[in-house]
Amino acid sequence: MKKDLTATAVGLIVLTLVLGLLYPLAVTGVGQVVFNDAANGSQIRVDGKVVGSRLLGQGFSRAEYFHSRPSQSDYNPSATFFSNAGPNGADTRDAIARYAAAYLKTEGRYDPGLTRAQIPPDAVQTSASGVDPQITVANARIQAHRIAAVRRLPLDRVNRLIDDHTDGRGLGLFGEPGVNVLELNLALDKETR
Amino acid sequence: MTVQGWIQILVFFAVLTALTPLLGAYMHRVFRGDAILGSVLGPVERGFYRLLRVDPRQEQDWKGYARSALIFSLGSWLLLYAILRLQGSLPFNPAGFGGAPADVTFNTSSSFVANTNWQYYAGETTMSNFSQMAGLAVQNFLSAAVGIAVVIAVIRGFSARSLKTLGNFWSDLTRATLYVLLPLAFVIALFFVSQGLAQSLSPAQAFTSLEGVKGVITLGPVASQEAIKLLGTNGGGFFNVNSAMPFENASGLTNAVSMLAILIVPAALTATFGRMVGNRRQGWMIYGAMFAFFAVAVAIVYAAESHGSPAQQLAGIHGGNMEGKETRFGIGSSSLFAVVTTVASCGAVNAAMESLTGIGGAIPMANMMTGEVIFGGVGSGLYGMLMFVILAVFIAGLMVGRTPEYLGKKIGAREIKLTMIGTLAVPLFVLIATAAAIASRYGLKSIYNGGPQGFSETLYAYTSQANNNGSAFAGYTGFIQPNAPGNAGSFGITFADLLGGGAMLVGRFLPLVVVLAIGGALAGRKVAPAGPGTMRTDTPTFGGLTVGTILLVALLTFVPALLLGPVVQGLTDRMF
Amino acid sequence: MTALSGPASSAQQPAQGGMPRGHDGSGRPTRSLLEPAILRTALLDSLRKLDPRAMIRNPVMFVVEIGALLTTVVWLVQALGGSISGAGSDPAWYTLTVSVWLWLTVIFGNFAEAIAEGRGRAQAATLRAMRSETTARLRDGGTKNAGELMPGDVVVVLAGEAIPGDGTVVKGIASVDESAITGESAPVIREAGGDRSAVTGGTRVLSDEIHVEITQKPGESFLDRMIALVEGASRRKTPNEIALGILLAGLSLIFLVVVVTLRPFADYAGTATSLATLISLLVALIPTTIGALLSAIGIAGMDRLVRRNVLALSGRAVEASGDVDVLLLDKTGTITLGNRQASEFVPMPGVSERELAEAAQLASLADETPEGRSIVVLAKEKLGIRARELGEHEAEFVPFTAQTRMSGVDLDGVRLRKGAGDAIERWIAAEGGTTPPQLRAELDRIARDGGTPLAVARDNQALGVVHLQDVVKEGMRERFDHLRAMGIRTVMVTGDNPLTAAKIAQEAGVDDFLAEATPEAKLALIREHQEGGRMVAMTGDGTNDAPALAQADVGVAMNTGTQAAREAGNMVDLDSNPTKLIEIVEVGKQLLITRGALTTFSIANDVAKYFAILPAIFASTYALAGSTTGPLDQLNVMNLGTPRSAIISAIVFNALVIPLLVPLALRGVKFRPVGATQLLRRNLLVYGLGGLIAPFAGIKLVDLVVHNLLGA
């Protein structure tokens with residue numbers, strides 16, 4: 001009993017130092033030196049100012065930008081939460097219907113054949129993180145009509161930009177391809193500046 | 001469902017199966033005392049024993065072993081509680097958070113010491129970096145190490161050693177940490193950093209979005225905590241949305257590695273088991289039984305999610321259910337992750353569990369309701385599984401006309417009594433806690449959604465906590481946090497915090513002690529050599545029987561509850 | 001045992017190949033499963049057993065009884081026009097139906113136990129009838145009531161009298177009729193000293209007079225114990241039964257909580273649940289099938305042994321016999337026919353076959369053992385030498401002793417000897433002669449061939465060797481193959497030398513043998529196997545077998561054996577048939593298999609019952625406005641008529657399955673001597689898969705009656 005108490009007390013102090021400080025500091029040290037950009041959140045700077053991170057989605061409402069997926073947390077990366085919308089919730093249905101109506105209204109003007117049934121689910125259902133940096137390629141292709149019109153770019157050109165900013169599956173296998181919205185919009189800005 | 005989706009699932013299955021015997025063999029060597037890393041880390045190990053003043057060769061009987069494990073866990077709990085409550089006066093607190101209320105902290109401390117990582121708090125708005133690193137992440141290591149140590153001790157009891165003892169707790173704890181968890185975590189953490197997971201101690205970075213909205217990028221020692229959160233089947237995220245947050249899980253690749261990190265230690269322990277009892281097929285039989293559940297669960301969830309939710313269909317949207325899922329993972333990786341994290345008692349999530357379809361949400365619950373024995377928690381999964389194997393051996397053993405025996409050791413009334421306590425106490429607790437919560441106004445306060453979904457939230461909460469999983473139908477809450485600086489004005493829902501905290505402690509330590517007692521009872525018992533008249537426990541027939549026993553003894557208990565929660569939603573288009 | 005001592009118990013062993021004798025020949029009537037007289041008593045008993053003080057020993061059925069009681073109270077209140085919250089919206093007929101069937105469930109369970117006990121009791125009555133109250137005549141004069149005899153009392157029993165109690169013959173020899181307990185009509189010889197000294201109370205002396213020292217305490221005689229055992233009165237739960245009981249109680253507890261918590265769950269879903277319905281669900285879920293049949297299985301297992309004329313002194317021993325890994329079998333009388341036969345005369349150089357045969361015959365004239373007689377017969381048949389009358393000669397017979405290990409005759413100054421090879425060699429050496437090398441060679445050759453060589457000498461001259469052959473019983477090889485398939489190793493124990501033993505072992509097909517066995521070697525062999533974690537069974541009869549019988553996990557003493565042997569073993573075979581061990585093992589296995597199979601069946605049944613009851617309870621839960629059925633009604637896969645008919649059908653099926661399985665419980669699941677893996681696969685298929693599927697059909701069938709015919 002006394003032996004256990006001593007071992008517990010000493011053990012916890014030593015292990016807290018090793019696992020709680022030494023280990024994370026060692027990872028931080030190596031990470032900061034070797035993978036400095038990634039370790040600090042893959043920040044994107046424009047003219048020396050931080051405009052966001054390539055890993056964090058942000059809200060876009062202007063017509064000349066590709067729009068991110070709906071976010072429950074208003075794209076706040078420092079206080080994240082899900083919608084927790086249930087699969088059979090009337091609220092869920094209404095929210096999706098609202099997002100769908102807005103999407104149809106926004107995109108339908110530039111893509112007249114667009115029907116509700118064609119809307120990709122990611123465009124009208126909130127992401128898990130609230131800061132999903134990506135949209136599906138299908139979603140981007142629909143929005144491309146609007147971008148091309150507003151930015152007065154050929155649709156092909158926009159589609160090529162989409163391809164350039166589409167991240168593939170991990171090792172070609174894991175996950176799904178997605179279009180990085182922030183990077184794509186930055187590229188658009190560069191393109192039409 | 002897509003071909004691509006299935007290919008990634010099958011590749012994942014294959015990689016996991018291939019790595020299992022490798023890590024299993026390595027751990028076997030570690031606990032035999034000749035780890036490959038021994039030449040480098042040996043002096044560290046021996047120095048640690050000197051500091052602790054323990055003799056690693058001094059064997060303990062089951063009571064001694066259990067006492068050490070319990071005292072160590074109690075010490076861990078007290079230390080963690082103190083750190084979390086006092087974080088306001090401790091360093092590495094860039095955001096200046098105060099301590100969370102006592103009831104929430106009781107829940108959180110119990111949660112991390114019990115290897116559960118149920119979180120009523122939102123990490124990035126509650127915890128200082130010191131609390132995350134020195135408090136929570138340390139317990140991510142230690143609770144996992146305790147689990148591994150205990151299962152190794154129990155296996156010694158099952159194996160043909162002549163000793164009546166189970167080993168030395170301090171030695172097993174040290175080896176699990178030093179040779180298994182720490183090196184693996186370090187490698188995985190560095191890989192994660194390279195893939196974009198944040199790892200920084202600098203204060204948050206302000207930014208202005210392209211459309212001029214000001215925001216803050218919260219950074220922290222994420223990757224280092226992430227690695228052990230997965231590896232130790234802990235699951236407590238740095239951020240509130242856990243592994244859905246890109247800083248915790250940046251891409252399809254990090255997601256795959258994350259899932260592998262969750263399952264690899266529990267899976268490999270089956271191989272360690274096989275080696276320790278001197279018959280690797282025994283290990284593969286257990287792996288096979290676990291895998292069967294796992295594969296079926298993945299198929300069901302993937303199919304259900306691909307089908308879409310009634311809410312979205314009624315809103316006129318075709319395609320899979322993307323509510324609460326991330327684009328980079330899609331339906332396939334999200335479904336696989338939801339199953340991986342619930343078959344293992346991890347509880348990390350890369351999608352909102354509450355937004356899964358009815359059937360898609362029933363499966364994760366069912367996974368946990370098995371008692372977290374399909375891979376399960378690090379160590380605890382295997383020892384839980386061994387109890388079901390004993391039950392299967394007992395019922396089937398009678399059917400071949402012999403007193404049931406497992407690995408040549410006769411299973412008697414004492415073992416059955418202990419096994420019944422070990423396997424049934426937790427389901428009992430889940431049912432009673434859920435009933436208490438659903439029937440009382442104190443419990444109803446925590447519910448977010450109405451109708452069957454509210455019932456599912458409650459059922460999920462107590463299932464997850466008592467089985468030490470930690471994932472949630474996250475609408476269910478025990479902590480009200482207004483978005484004010486320093487957590488001003490926040491308060492806990494005491495009923496949910498205490499009941500849940502109690503569930504986690506019972507769910508962790510009762511089976512732990514019981515299974516050590518079983519190991520102790522079997523230790524040193526004479527081993528009867530196997531003959532044609534002994535029932536073989538390393539065959540597919542027996543694997544199927546084990547699966548059947550888990551289905552009939554564990555899952556049957558929860559059928560009525562599952563019907564009234566997720567299943568009823570899965571069977572209807574009605575909106576609630 | 002030495003070469004010439006002859007089989008210890010060749011006395012009256014007729015068993016050919018150890019085939020089980022039908023009970024018809026046992027002297028006791030064979031009973032059909034459902035004899036009217038037994039049925040009648042059993043029905044009464046099953047009502048008497050409703051006493052809660054008795055019921056509580058069976059937790060599963062106790063829960064059912066409490067449930068029945070509660071629903072009855074609810075019905076009474078309803079019938080009297082009162083209102084009770086537990087009734088919900090149930091009509092009184094529904095509550096009544098449920099409560100009647102719950103009572104029936106309990107009664108069926110009691111009935112199963114009562115019928116098993118009844119069958120035993122009928123046997124006991126037969127036994128008791130012959131335990132006539134006799135007055136014992138003490139040797140020291142005076143008389144004593146048979147029931148008051150104490151160990152140490154010596155009684156005198158004359159021809160025509162019944163032996164008043166268990167004991168050992170201390171003086172005299174008599175033929176005894178033991179048919180009352182063994183069913184064997186031929187009288188047996190009981191004599192003082194030796195291995196045939198034990199007598200049993202209740203048996204009858206036919207001739208002569210014996211003095212018997214009583215060894216039993218009052219009320220603990222063999223007969224008493226036998227009666228108590230078949231009646232089930234002294235039945236203590238066996239280790240496996242206790243473990244199974246814990247499992248069943250645990251399952252009952254968890255299902256109790258499932259049902260209790262279902263109430264608040266249903267309330268949250270806005271669904272009313274009545275007491276009768278919830279209790280029906282509980283009773284359907286808890287393992288009532290095995291709970292009701294468990295004790296009947298145990299009693300019936302014991303009964304099966306008794307019917308095979310084996311008396312187990314504890315249920316634990318019966319169970320242990322199912323676990324046996326190693327069987328030690330005496331060669332003589334078990335594997336081979338008790339008597340070896342002379343088959344060949346092998347003369348030494350310079351000696352004619354006739355000369356040898358004549359000498360051997362003369363030396364055997366006084367030898368009444370089967371071996372001795374077979375030599376006389378062989379000499380006559382092969383060489384036409386008639387057994388001579390020795391009346392006019394001066395003949396002195398030399399009997400066999402354990403020290404000399406030879407026998408023979410001194411005839412007109414010529415000394416003829418026959419005996420074990422080394423004994424004869426020593427004799428010749430002592431007489432100053434030399435043995436030709438051919439003698440040793442022949443001795444070894446015969447031994448190698450599995451025979452027993454007997455050397456024959458005339459004074460100091462070795463005449464030759466008589467070849468005695470062991471005859472292995474028919475069908476033994478198949479039996480041992482069966483045992484091997486069951487995973488049981490057979491070890492032949494013999495006093496023969498290793499060469500002979502190896503040959504016979506090979507011929508009989510046993511796995512191993514112990515040659516030149518002494519009681520010590522036997523004991524050591526048992527210990528060695530037990531050290532290796534194996535369970536050992538053996539048979540024995542002599543006093544020198546007692547330590548080994550006690551050491552073995554299953555020791556079957558022959559009823560013809562000594563009292564010491566009978567006390568040391570944990571079973572007594574009244575037929576004294578050494579191959580009975582094989583049947584005992586099968587009965588033990590059958591007992592465990594029956595328990596396991598019905599447990600599996602019982603648990604597997606729950607799936608179908610869920611599919612019957614849960615959709616019924618929640619048929620209208622979360623129904624859309626204007627509809628009477630909700631989403632969970634889709635789970636009514638059996639398409640049962642109405643929610644109430646569904647619930648009634650489930651509990652009716654649950655109750656009916658108990659009497660339907662009573663014959664199986666009493667008879668036991670058929671045992672097949674195949675490997676464990678095959679056995680497991682088969683039983684899983686029949687009782688596991690069968691247990692999943694059968695109730696779907698059964699419940700549907702009952703519902704067709706309850707709903708379509710009776711309109712519920």
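This is a short talk about how three chains, A, B and C, sit together in a predicted model.

Okay, thanks everyone. Before anything else, keep in mind that what's on the screen is a predicted model. I'll start with chain A, then go through the two interfaces, and finish with some salt bridges and a surface patch.

So, chain A. We've got 193 residues here, with six helices and five strands. If you walk along the sequence, the order is α-α-β-β-α-β-α-α-β-β-α. Now, how does the radius of gyration of chain A sit against that of a compact globule of 193 residues? The globule would come in near 16 Å, and chain A has 22 Å. The box tells you about the dimensions: along the principal axes, the C-alpha atoms of chain A take up roughly 80 × 45 × 35 Å.

What about the inside of chain A? Buried residues account for 56% of its 193 residues. And if you take the contacts in chain A between residues at least 6 apart in sequence, 58% of them join residues at least 24 apart. As for the outside, the accessible surface of chain A is about 8000 Å², and carbon and sulfur atoms hold 57% of that.

Right, on to who touches whom. Two pairs of chains touch, and the pair with the most contacts is A and B. Chains A and C have no contact between them; their closest C-alpha atoms are 12 Å apart.

Let's look at A against B. On the chain A side 97 residues take part, and on the chain B side 109 residues. People often give the size of an interface as the accessible area lost when the parts come together. For chains A and B that's about 8400 Å² buried between them, with 66% on carbon and sulfur atoms. Which three residues of chain A supply more of its buried area against chain B than any other three? Those are Tyr23(A), Pro87(A) and Asn88(A), and they supply 10% of it. Salt bridges across this interface? The count is one. You can find it at Arg67(B) and Asp4(A), where the closest N and O atoms are 3.6 Å apart.

Now C against B. Here 64 residues of chain C meet 57 residues of chain B. Together these chains bury about 5100 Å², and 77% of that is on carbon and sulfur atoms. On the chain C side, Phe265(C), Tyr268(C) and Tyr622(C) lose the most area to chain B, together making up 15% of what that side buries. If you want to click on something, try those aromatic names.

The salt bridge count between chains C and B is also one. The partners are Arg402(B) and Asp325(C), with 3.0 Å between the closest N and O atoms.

Over all chains, the salt bridge count comes to 51. I've picked three from chain C. In one of them, the side chains of Arg417(C) and Asp410(C) meet at 2.9 Å, N to O. Is that pair buried or exposed? Both residues are buried.

Next, Asp444(C) and Arg440(C), at 3.2 Å, N to O. These two share helix H14 of chain C, residues 437-448, and sit four residues apart, about one turn of the helix. Asp444(C) counts as partly exposed because its relative accessibility is 28%. Arg440(C), at 34%, is partly exposed too.

The last of my three is Asp512(C) with Arg489(C), 3.6 Å from N to O. Asp512(C) is in strand S19 (residues 512-514) and Arg489(C) in strand S18 (residues 489-493), so this pair ties together parts of chain C that are 23 residues apart in sequence. Relative accessible area is 32% for Asp512(C), which makes it partly exposed. Arg489(C) is partly exposed as well, at 34%. And coming back to the C and B interface, salt bridges with shared partners link Arg402(B), Glu405(B), Lys410(B) and Asp325(C) into one network.

Last stop, the surface of chain C. There's a nonpolar patch of about 430 Å² made by Leu685(C), Val686(C), Leu689(C), Leu692(C) and Ile693(C). One of them, Leu692(C), belongs to helix H22 of chain C, residues 676-709. With a relative accessible area of 30%, Leu692(C) is partly exposed.

That's my tour. Happy to rotate the model for anyone.

How values were computed:
Residues numbered from 1 in each chain as written. Chains lettered and ligands numbered in written order. Predicted model: local features only at pLDDT ≥ 70, side-chain atom pairs only at ≥ 80, totals over all residues. Heavy atoms only, no water. Patch = residues over 30% accessible without salt bridge, like charges linked within 9 Å, V, L, I, M, F, W, Y side chains within 5 Å. Areas by Shrake-Rupley, 256 points an atom, 1.4 Å probe, with all protein chains shown as cover. Salt bridge = Lys/Arg side-chain N within 4 Å of Asp/Glu carboxyl O. Buried < 20%, exposed > 50% of the residue type's maximum accessible area, 1.4 Å probe, protein only. Rg over C-alpha atoms; globule rule 2.2 N^0.38 Å. Contact = heavy atoms within 4.5 Å. Buried area = accessible area lost by both parts, 1.4 Å probe.
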